[in-house]
Amino acid sequence: MSKITTELLLERAVPRSTRLRKIETLNLSKLQLKTGDLDPRLFSRLRHLQKLDLSDNLLDKFPNSLTLPDLRVLNCNNNKLEDVTALKQFPLLEELTYENNVYLTLNDDYKVMFLLQNLRLLNGKDITKLANHVRRVNSRKLTSKVTAHWEKFFRDQLPEKYTAEQVKAIKKKFLKSVQTNVVYGPSSLSEFTRWRVKMIAEEFLAYSLGVELNSDTEPEEKTDENEEESTESPREAAEDVAQVTVTPSKRKRNHSKSSPGNKRSKSQASTEEEAEDVSAEPLHFLQCHSKGNSREDFKTQLWSCVFEPVLDSGARKDPIVSSSRTVATCGGESVCLIDCETGTVLKKYKVATEEFFSVAWTTLTMVISDSRKKAHNILAAAGRRGIVKLIHVAADFCYGEIKAHKKPIATVCFSPTQETHLFTASYDKRIALWDIGIPDSDYNFKASQLLVLETASIPLRIALVPTCPEQYLLAGCEDGCFAWNIKLDKGQKSRPFEAIFQFPDDESMTTSHRVDGLAFLNDDVVVSKSSKPGCIYLWSWSRSFDAKGKGCQRTMSAVILAELEWSTTDMSYLTLSTCPAKEYVFCGDEKGSVWMYNLSSYTTAWGSPKGKRSERRIPPTQILKWPELRVNGEQPPEILVNNVVADPAFTYLVVLTSVNITAIWKKS
């Protein structure tokens with residue numbers, strides 16, 4: 001029998017097709033196919049395939065790189081399959097049959113239930129409840145047992161200061177011991193239990209001891225770079241991070257005011273009495289969003305990052321996330337969770353056909369088990385496909401998605417007062433408000449659209465007004481800055497903008513300019529960046545917006561409080577952020593530098609009813625220069641800072657670049 005050809009695939013399509021990319025159902029049964037006949041290069045063209053029948057063939061395993069991102073139904077009956085773990089490359093699978101594969105056992109059933117989060121039917125049986133038990137209850141019990149085994153027998157064996165060799169030795173002993181001694185469930189599932197225990201133990205060690213423990217690991221099968229969705233363990237995520245080295249002589253540049261290597265910009269030198277050195281030091285430079293985990297990827301753009309909120313339930317015991325020093329970042333096909341102190345990539349979530357543009361956190365009170373309510377942090381991620389992914393990070397589970405828009409989503413944000421209310425701003429020139437609901441113990445949830453805000457141009461940044469977050473929303477768009485009334489007691493579900501703001505333009509005022517940076521510094525002061533080179537405006541919301549006026553689409557003049565001195569580049573989409581608790585503004589530039597402005601000495605005057613505009617531009621308090629980096633011995637290309645965000649206490653500063661490098665600085 002000849003190998004599979006394009007002609008054969010078109011002929012066996014149901015119905016017959018003229019294009020591979022149009023095939024949704026394919027019958028390849030009874031062709032005497034062997035594993036080597038499944039050519040990944042040919043199958044990669046079946047981008048929309050949803051149903052595949054491979055029954056009655058001679059397959060002993062699946063190639064680990066079949067690119068079928070939309071596969072939902074798979075029939076493998078009557079083959080010679082020996083292993084099912086490669087099926088994890090089809091995470092959207094809902095129905096799977098592999099009866100009459102004599103080498104597969106009950107243990108394999110449990111493996112696919114754990115690996116395939118969307119699986120509903122296995123060999124014709126509804127396994128929803130059992131699968132949820134395997135993924136959550138079983139995993140929780142085993143994690144508890146693995147942790148207890150470490151605490152009881154191994155924790156004290158490791159000295160306070162340990163070498164790589166000591167880690168290597170104890171890891172080997174621990175993995176062997178834990179697989180032998182941790183027992184749970186019936187003996188018929190012992191193989192599955194050992195498999196999961198090894199996986200959990202490796203994740204636990206990766207988190208507890210750091211990434212160096214990977215040095216002696218047996219090579220595992222590579223994660224398919226074309227998987228539709230996948231979640232990587234801390235161990236796998238750590239292996240994806242390239243080592244980026246900083247030339248030591250350059251690190252001193254931002255250490256302290258007295259450092260001889262500390263070079264100040266002209267604007268800083270001229271305002272010496274006002275300037276202060278925040279003594280921020282570079283901690284880590286990570287290359288963790290690479291396409292297909294390639295170490296050569298310096299093209300993936302990184303766009304958004306946000307720090308995880310601290311839960312109110314006291315000290316967190318979950319080994320996955322470390323609350324306030326944990327940041328979610330996105331860019332390319334992946335979302336990463338990073339521990340800023342250690343530089344460890346705790347989790348990595350990938351969707352190969354996606355390019356993520358934005359992430360946002362909320363905290364939901366959920367009933368996961370034992371009928372007890374508990375607060376859990378949920379991460380929303382969205383991008384080019386117009387789909388919002390909802391991820392319960394502590395459970396390592398993407399539990400749902402919302403098909404929010406038909407065009408890309410530029411940015412998302414949650415309401416600070418309504419934890420289930422999510423705003424999505426899209427290239428379709430609409431901002432939608434969603435109620436994402438609260439998932440039940442089986443992660444069933446119902447999302448509903450509450451409101452649609454019509455924009456005159458593409459919305460780039462959105463911000464809820466702090467004093468009235470349930471009534472007004474601001475948006476920086478491609479063609480101006482707009483405001484909407486979002487109060488839900490109004491009957492109108494689709495609404496035009498209520499106001500557009502004018503800003504200075506040479507000698508006059510204009511509404512027409514790109515606003516690619518927008519944030520509140522405090523309850524009243526708005527910081528916005530326009531397409532005008534070198535210009536960041538600070539203006540008063542309360543003095544600019546006339547809430548008493550009647551009618552929509554009114555033009556209002558922004559009451560400017562000050563201008564910040566910034567780069568003279570005309571490059572767009574280098575956005576800004578604020579740290580309200582410390583009264584700081586941050587903005588990156590086209591040279592890899594971060595401009596920082598401490599505005600605490602100005603805000604009191606701005607807050608007075610007759611506060612006057614600062615006559616001259618306010619220079620940066622400090623500019624953090626990009627240090628000399630080498631990746632695999634080479635310097636990366638020109639670096640743009642797309643985004644820079646500080647945690648609420650301004651302990652860490654996370655810098656996202658255009659060259660797939662996440663830089664983490666720490667204030668010392």
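**Figure 1. Lys429 counts as partly exposed, at 40% relative accessibility.** Partly exposed denotes a relative accessible area between two limits, where buried means under 20% and exposed means over 50% (1.4 Å probe, protein chains only). The model shown is predicted: local features need pLDDT of at least 70, side-chain atom pairs count only at pLDDT 80 or more, and totals for chains, interfaces and linings use all residues. Residues are numbered from 1 along each chain as its sequence is written, and side-chain values use heavy atoms, with hydrogens and water left out. Lys429 lies in the loop between strands β19 (421-426) and β20 (430-435). Helices (H or I, at least four residues) and strands (E, at least two) are DSSP runs, numbered from the N terminus. Although Lys429 is not a glycine, its phi is positive, at about 65°. The UniProt record, in an unreviewed entry, lists residues 402-436 as "repeat: WD"; UniProt positions are given in the numbering used here, feature names are shortened, and annotations may be inferred rather than shown by experiment. Over residues 402-436, the chain is 57% strand and 0% helix, and the end C-alpha atoms are 8 Å apart.

**Figure 2. The protein chain has eleven helices and 40 strands.** Of its 668 residues, 57% are buried. The accessible surface of the protein chain comes to about 29400 Å², and carbon and sulfur atoms account for 48% of this surface. Accessible areas come from the Shrake-Rupley method with a 1.4 Å probe; for residues, only the protein chains shown count as cover. Among the contacts (heavy atoms within 4.5 Å) with a separation of 6 or more, 57% are between residues 24 or more positions apart.

**Figure 3. The largest nonpolar core has 47 residues.** A nonpolar core is a set of buried Ala, Val, Leu, Ile, Met, Phe, Trp, Tyr and Cys residues joined through side-chain atoms within 4.5 Å. Leu28, Phe62, Leu74 and Leu96 touch the most other members of this core. The elements that give two or more residues to the core are α1 (6-12), α2 (40-43), α3 (106-115) and α4 (128-153). Of these elements, α3 gives the most, with five residues. In soluble globular proteins, nonpolar side chains tend to be buried together.

**Figure 4. Leu52 lies in strand β2 (residues 51-53).** Leu52 counts as buried because its relative accessibility is 3%. Leaving aside residues up to four places away in sequence, Leu52 touches Leu26, Leu28, Leu68, Leu71, Val73, Leu74 and Asn75. Leu52 and Leu68 are 16 residues apart in sequence, and their C-alpha atoms are 9.9 Å apart in space. Leu28, without its neighbours within four places in sequence, has contacts that include Ile4, Leu9, Phe43, Leu52 and Leu54.

**Figure 5. Two loops hold backbone features of Pro15 and Asp56.** Pro15 is found in the loop between α1 and β1 (25-27). The peptide bond that joins Val14 and Pro15 is cis, with omega about -5°. Asp56 is placed in the loop between β2 and β3 (73-75). Asp56 is not a glycine, yet it has a positive phi of about 60°. With a relative accessible area of 27%, Asp56 is partly exposed.

**Figure 6. Val327 is found in strand β11 (residues 326-331).** Its relative accessible area is 0%, so Val327 is buried. Not counting residues up to four places away in sequence, Val327 touches Cys305, Val306, Phe307, Cys336, Leu337, Ile338, Cys340 and Val654. Val327 and Phe307 are 20 residues apart in sequence and 4.2 Å apart in space, C-alpha to C-alpha.

**Figure 7. Strands β14 (residues 356-367) and β15 (residues 373-383) run antiparallel and are joined by eleven bridges.** Two strands pair if DSSP finds at least two bridges between them. Thr362 has Ile378 of β15 as its bridge partner. Strand β14 is mostly covered, with nine of its twelve residues buried.

**Figure 8. Strands β30 (residues 535-540) and β32 run antiparallel and are joined by six bridges.** Tyr537 stands opposite Glu563 in β32. Because five of the seven residues of β32 (residues 559-565) are buried, this strand is largely enclosed by the rest of the structure.

**Figure 9. Helix α5 (residues 164-181) has 18 residues.** From its first C-alpha to its last, α5 reaches 25 Å, close to the 26 Å expected at 1.5 Å a residue. The expected span of a helix is 1.5 Å times one less than its number of residues. The buried residues of α5 are Val167, Ile170, Lys171, Phe174, Leu175, Ser177 and Val178. An α-helix has 3.6 residues a turn, so residues three or four places apart point the same way.
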